Amino acid sequence: MTAPTSALHAAIDARRDDLIALTQDLLRIPTLNPPGARYREICEMLAARFEPLGFQVDLIRAHGAPADSETYPRWNIVARHTGPRAGDCVHFNSHHDVVEVGHGWTTDPFGETVRDGRVYGRGSCDMKGGLATSIIAAEAFIATHPDYAGAIEISATADEESGGYGGVAYLAEQGWFSPQRVQHVIIPEPLNKDRVCLGHRGVWWAEIETKGRIAHGSMPFLGDCAVRHMGAVIDEMEQTLFPLLATKTTAMPVVPEGARQSTLNINSIHGGEPDQGPDYTGLPAPCVPDRCRIVIDRRFLIEEDLTEVKAELTGMLEKIKKTRPKFEYDIRDLFEVQPTMTDQDAPIVRTVAGAISKVLSREAEFVVSPGTYDQKHIDRIGRLHNCIAYGPGILDLAHQPDEYVGIDDMVDSAKVMALTLAELLLPEGSETP
């Protein structure tokens, strides 16, 4: 181990307790999305940490973005530390929002539990542990090498869990991720500390509505049941569409193995009368439902064309329409993202992979995520392609009860991140312990 690397590792080891405490502090602010709670609070908490360390801090509200409102404004923070010499900018981007807590927890979901080498809490893995790790890595690097070249940015952004439009997408539209001001991006999503995530599959969300005719439930023959029509749609999916998707596989190194094929999830189904409030104690009215809706979540591969993906589904619906009397439907696009995959020879890929090898004494694994994350906006809107996901945590724990992040994993990942900064921002021959 070289002297500079040894000094970096020692600086991170000395900050182990701070790393745990910072992760807990982030978890104690329940930035639940939806609705988008306490975004400003977590940004101000981070600003209070960054400013005394010499970071220039900007708090940016995504005015007009989806879900932005006076009740739940979409706040983001970008903090920039600039070295005394010219050079590249390395940007660590984490989302600060977390999903609902859900049921089944045996630990406190808001950061009070540290046990067996783990920090538990909603968002610990996805991805406040990664945010804390990037902060500690940057602080240790700056303290060890104050004469570095270039700049380090750390952002905490809104709404990744609901598409990222109030966060990274908005910032990218405003130029924060332009290749002129940022050259390398690491997103500390939980893909395991020995993996470099190159990108993600594509996604298309759509709503399908079947139509019927309302009538009295005692005389359903006078109406037309939209739920039964939707049953025919789901049956056709089971008979033809799901088997077809299982034959579509990819050369992308998607993890886990089951996601190396095209997939479709029926995200929700609603038919008939709307649900009443929890205080309603009466019975439903006897009506034939005249509307039924499902939301589908179709994940597609880099080898697939989105136009053909949509045509498969509409072709299936048209097939039903030809054989099923009174069958009428509408389909509405909700959300779409193209697949993305950074080249394995890109500078940030090679540098992080090399750092993993040095820190962990094993070769990095290159993977692709089954679901999208904010790389899509940096790539498509920012036109910045030198971007990866790398961070501590186990992806399978995301959104689960008793979510946790391993402390040793955070420490090791911080060392990888700090060594990456050293490789990219220390001018040749300037390394000093």
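**Exercise 1. The largest cavity**

Divide the residues lining the largest cavity into nonpolar, polar and charged.

*Solution.*
1. The count gives 6 nonpolar residues, no polar ones and 2 charged ones.
2. This is a predicted model, and the remaining steps put names to that count.
3. The lining consists of Trp204, Leu241, Leu264, Ile296, Arg298, Val309, Glu312 and Leu313.
4. Arg and Glu count as charged, so the charged pair in this lining is Arg298 and Glu312.
5. Look next at the elements. S11 and H7 (306–323) each supply at least two lining residues. H7 gives the most, with 3 residues.
6. The volume of the largest cavity is about 30 Å³. The structure holds 1 cavity of 30 Å³ or more.

**Exercise 2. The helix pair H6 and H7**

State how H6 and H7 are oriented to each other, and list the residues where they meet.

*Solution.*
1. Start with the geometry. The packing angle of H6 and H7 is about 140 degrees, and their axes lie 10 Å apart.
2. That angle makes H6 oblique to H7. The cut-off for roughly antiparallel is over 145 degrees.
3. Add the handedness. H6 passes H7 in a right-handed crossing.
4. Now the residues. H6 contributes Ala232, Val233, Glu236, Met237, Thr240, Leu241, Leu244 and Leu245. H7 answers with Glu312, Leu313, Met316, Leu317, Lys319 and Ile320.
5. By class, this contact holds 10 nonpolar residues, 1 polar and 3 charged.
6. Link back to the cavity. Leu241, Glu312 and Leu313 are among the residues that line the largest cavity, and these three also take part in the contact of H6 with H7.

**Exercise 3. H2 and its two partners**

Assign an orientation to H2 against H3, and to H2 against H4.

*Solution.*
1. Take H3 (residues 39–50) first. H2 packs on H3 at about 155 degrees, with the axes 11 Å apart.
2. H2 and H3 are therefore roughly antiparallel.
3. From H2, the contact uses Asp18, Leu22, Asp25 and Leu26; from H3, it uses Ile42, Met45, Leu46 and Arg49.
4. Sorted by class, there are 5 nonpolar, no polar and 3 charged residues in the contact of H2 with H3.
5. Turn to H4 (residues 124–144). H2 (residues 16–27) and H4 make an angle of about 135 degrees, and their axes are 9 Å apart.
6. This pair is therefore oblique. H2 crosses H4 in the right-handed sense.
7. H2 brings Asp18, Leu19, Leu22, Thr23, Leu26 and Leu27 to that contact. The H4 side includes Leu131, Ala132, Ile135 and Ile136.
8. The class count for H2 with H4 is 8 nonpolar, 4 polar and 3 charged.
9. Compare the two lists. Asp18, Leu22 and Leu26 of H2 contact H3, and these residues also contact H4.

**Exercise 4. Backbone exceptions**

Find where the cis peptide bonds at Pro34 and Met127 lie, and give the phi of Ser361.

*Solution.*
1. Recall the usual case. Most residues other than glycine have a negative phi, and most peptide bonds are trans.
2. Asn33 is joined to Pro34 by a cis bond, with omega near -5 degrees. Pro34 sits in the loop between H2 and H3.
3. The bond between Asp126 and Met127 is also cis, with omega about -5 degrees. Met127 belongs to helix H4.
4. Ser361 is not a glycine, yet its phi is positive, at about 60 degrees. Its place is the loop between H8 (347–360) and S14 (365–369).

**Exercise 5. The largest pocket**

Describe the volume and lining of the largest pocket.

*Solution.*
1. The pocket encloses about 980 Å³.
2. Its lining has 29 residues. Those nearest the centre are Glu161, Arg299, Gly371, Thr372 and His399.
3. Strands S9 (202–211), S11 (291–300) and S12 (329–337) each give two or more residues to this lining.
4. By class, the lining has 13 nonpolar, 7 polar and 9 charged residues.

**Exercise 6. Placing Cys225**

Locate Cys225 and name the residues it touches beyond four places away in sequence.

*Solution.*
1. Cys225 is in the loop that runs between S9 and H6 (226–246).
2. Leaving out residues up to four places away in sequence, Cys225 touches Val288 and Pro289.
3. Gly83 is 142 residues from Cys225 in sequence, and their C-alpha atoms are 67 Å apart.

Notes: Residues numbered from 1 in each chain as written. Predicted model: local features only at pLDDT ≥ 70, side-chain atom pairs only at ≥ 80, totals over all residues. Heavy atoms only, no water. Axes fitted to C-alpha atoms, helices over the stretch in contact; angles between N-to-C directions. Parallel < 35°, antiparallel > 145°, perpendicular 65-115°, else oblique. Left-handed = near helix turned anticlockwise from the far one by under 90°. Contact = heavy atoms within 4.5 Å. 1 Å grid on protein atoms, 1.4 Å probe; cavity = no way out; pocket = protein on both sides within 12 Å on 5 of 7 lines; lining within 4 Å. Points joined across faces, edges and corners; volume = space filled by probe spheres on them.
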